Amino acid sequence: MVAWFERYLHRHLDALRLPLWSAPPAPDHRGPIVVYCNHPAWWDAALIIVLAGRLYPERVSRAPFDAAMLARYRIFERIGAFAVDLDTPRGAAQFLAAARAILAEPDGMLWITAQGRFADARARPLALRPGVARLAEIAPDTLFVPLALEYAFWDERGAEAFAAFGTGTRGVDLAALPRAERLARLEADLTATLDRLSADVISREPARFRALVSGRKGVGGVYDLWRRLAARLTGRRFDPAHRALNGKDRGP
């Protein structure tokens, strides 16, 4: 399924990019990991699947999923999602019970869209749900890592997807804080990671990033066929990327 979602990203997005400063936790990190992120778009689930599969293939990754949505997209249940009713106390208890079991394993890994709803990447405050802060109590040996997600259109037809990991915090350090301060710390760390990523996205400089997945370039159809023929007739190598037109950015 990771390969399938990579192909899906390749067909529909220009790239999945990580800034050069982003430092995901080492795959051989000893102990469970919680990766908590913002939730700007439908694409988030696909990005998380690819990130988990490419960066942590040896770990068993799990993720809570809104019960109503999981009933519509059963495919996610087969690849690690578990149902949570986001709007009831029973759902909160389900989430904590499932998280306790997952994080009891030394290689357990939990990915959480911690806002629990779709929200623009620029919206502040992030208003994370309190459940993510409770996890430090039940699994203090866990590393909590912020993950910033954002999307933008640059020079190509498809959108760019961006993901950036921030600095992780030990669960034992979070557990020592009162719950309100603990949640505020998690939110501040994710906000800082989002702000730093956004500055790189605004720059529109691909050199600031590495591409984890590259998508199709060009417009396609008759337009790119004509460009390909023109390049062949003039002895030039054909590059479908918009940025490659005459070696510089060009308008339509």
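**Exercise 1. Pocket lining.** Work out how the lining of the largest pocket in this predicted model divides into nonpolar, polar and charged residues, then find where that lining comes from.

*Solution.*
- Step 1: sort the lining by residue class. You get 29 nonpolar, nine polar and eight charged residues.
- Step 2: get the size of the space. The volume of the largest pocket is about 1,100 Å³.
- Step 3: look at the centre. Out of 46 lining residues, Ala-63, Pro-64, Phe-65, Asp-66 and Thr-113 sit closest to the pocket's centre.
- Step 4: map the lining onto elements. Two or more residues each come from helix 2 (44-55), strand 3 (60-66), strand 4 (81-84), helix 4 (89-103), strand 5 (108-113) and helix 5 (131-138).

**Exercise 2. The overall chain.** Say how many helices and strands the protein chain has, and what share of its residues count as buried.

*Solution.*
- Step 1: count the elements. The protein chain has eight helices and nine strands.
- Step 2: check burial. Of 252 residues, 46% count as buried.
- Step 3: check the range of the contacts. Take the contacts with a separation of 6 or more: 73% of them join residues 24 or more positions apart.

**Exercise 3. The nonpolar cores.** Find which residues of the largest nonpolar core touch the most other members, and which element gives the largest share of this core.

*Solution.*
- Step 1: recall the background. Nonpolar side chains tend to be buried together in soluble globular proteins.
- Step 2: rank the members. The largest nonpolar core holds 35 residues, and Leu-9, Leu-16, Val-35, Leu-51, Trp-111, Leu-147 and Phe-165 touch the most other members.
- Step 3: assign them to elements. Helix 2 supplies the largest share of this core, with eight residues.
- Step 4: don't stop at one core. There's a second, separate one of 33 residues, with Val-34, Ala-136, Ala-152 and Leu-183 among them.
- Step 5: zoom in on one residue. Skipping residues up to four places away in sequence, Leu-51 touches Leu-16, Leu-18, Tyr-56, Trp-111, Leu-147, Ala-163 and Leu-212.

**Exercise 4. Leu-47.** Decide whether Leu-47 is buried or exposed, and list what it touches.

*Solution.*
- Step 1: place the residue. Leu-47 belongs to helix 2.
- Step 2: read the accessibility. Leu-47 has a relative accessible area of 0%, so it is buried.
- Step 3: list the partners. Residues up to four places away in sequence aside, Leu-47 touches Leu-9, Leu-16, Leu-149, Tyr-151, Ala-161 and Phe-162.
- Step 4: pick one partner and compare sequence with space. Phe-162 is 115 residues from Leu-47 in sequence, yet their C-alpha atoms are 9.1 Å apart.

**Exercise 5. Helix 1.** Find which residues of helix 1 (residues 2-12) are buried, and explain why they line one face.

*Solution.*
- Step 1: pick out the buried residues. In helix 1 these are Phe-5, Glu-6 and Leu-9.
- Step 2: look down the axis. The buried residues of helix 1 fall within an arc of 105°, so they line one face of the helix.
- Step 3: recall the geometry. With 3.6 residues a turn, an α-helix has residues three or four places apart pointing the same way.
- Step 4: ask what covers them. The cover includes strand 1 (13-19), helix 2 and strand 9 (209-214).

**Exercise 6. Cys-37.** Work out how Cys-37 is packed, starting from its contacts.

*Solution.*
- Step 1: place Cys-37, which is in strand 2 (residues 33-37).
- Step 2: apply the cut-off. Buried means under 20%, so Cys-37, at 1% relative accessibility, counts as buried.
- Step 3: list the contacts. Neighbours within four places in sequence aside, Cys-37 is in contact with Ile-48, Ile-112, Thr-113, Ala-114, Gln-115, Leu-147, Leu-149 and Leu-190.
- Step 4: add a distance. Cys-37 and Gly-116 are 79 residues apart in sequence, with 9.8 Å between their C-alpha atoms.

**Exercise 7. Backbone oddities.** Find where the chain has a cis peptide bond and a positive phi outside glycine.

*Solution.*
- Step 1: scan omega. The bond from Arg-124 to Pro-125 is cis, with omega near 0°, and Pro-125 lies in the loop between strand 5 and helix 5.
- Step 2: scan phi. Ala-127 isn't a glycine, but has a positive phi of about 55°; Ala-127 lies in the loop between strand 5 and helix 5.
- Step 3: keep scanning. Arg-204 also has a positive phi of about 55° without being a glycine, and lies in the loop between helix 7 (179-203) and strand 9.
- Step 4: check accessibility. Ala-127 counts as partly exposed at 39%, and Arg-204 counts as partly exposed at 36%.

Methods:
Residues numbered from 1 in each chain as written. Predicted model: local features only at pLDDT ≥ 70, side-chain atom pairs only at ≥ 80, totals over all residues. Heavy atoms only, no water. 1 Å grid on protein atoms, 1.4 Å probe; cavity = no way out; pocket = protein on both sides within 12 Å on 5 of 7 lines; lining within 4 Å. Points joined across faces, edges and corners; volume = space filled by probe spheres on them. Helix = DSSP H or I, 4+ residues; strand = E, 2+ residues; numbered from the N terminus. Nonpolar A, V, L, I, M, F, W, Y, C, P; charged D, E, K, R; others polar. Core = buried A, V, L, I, M, F, W, Y, C linked by side-chain atoms within 4.5 Å. Buried < 20%, exposed > 50% of the residue type's maximum accessible area, 1.4 Å probe, protein only. Contact = heavy atoms within 4.5 Å. Arc of directions from axis to C-beta.
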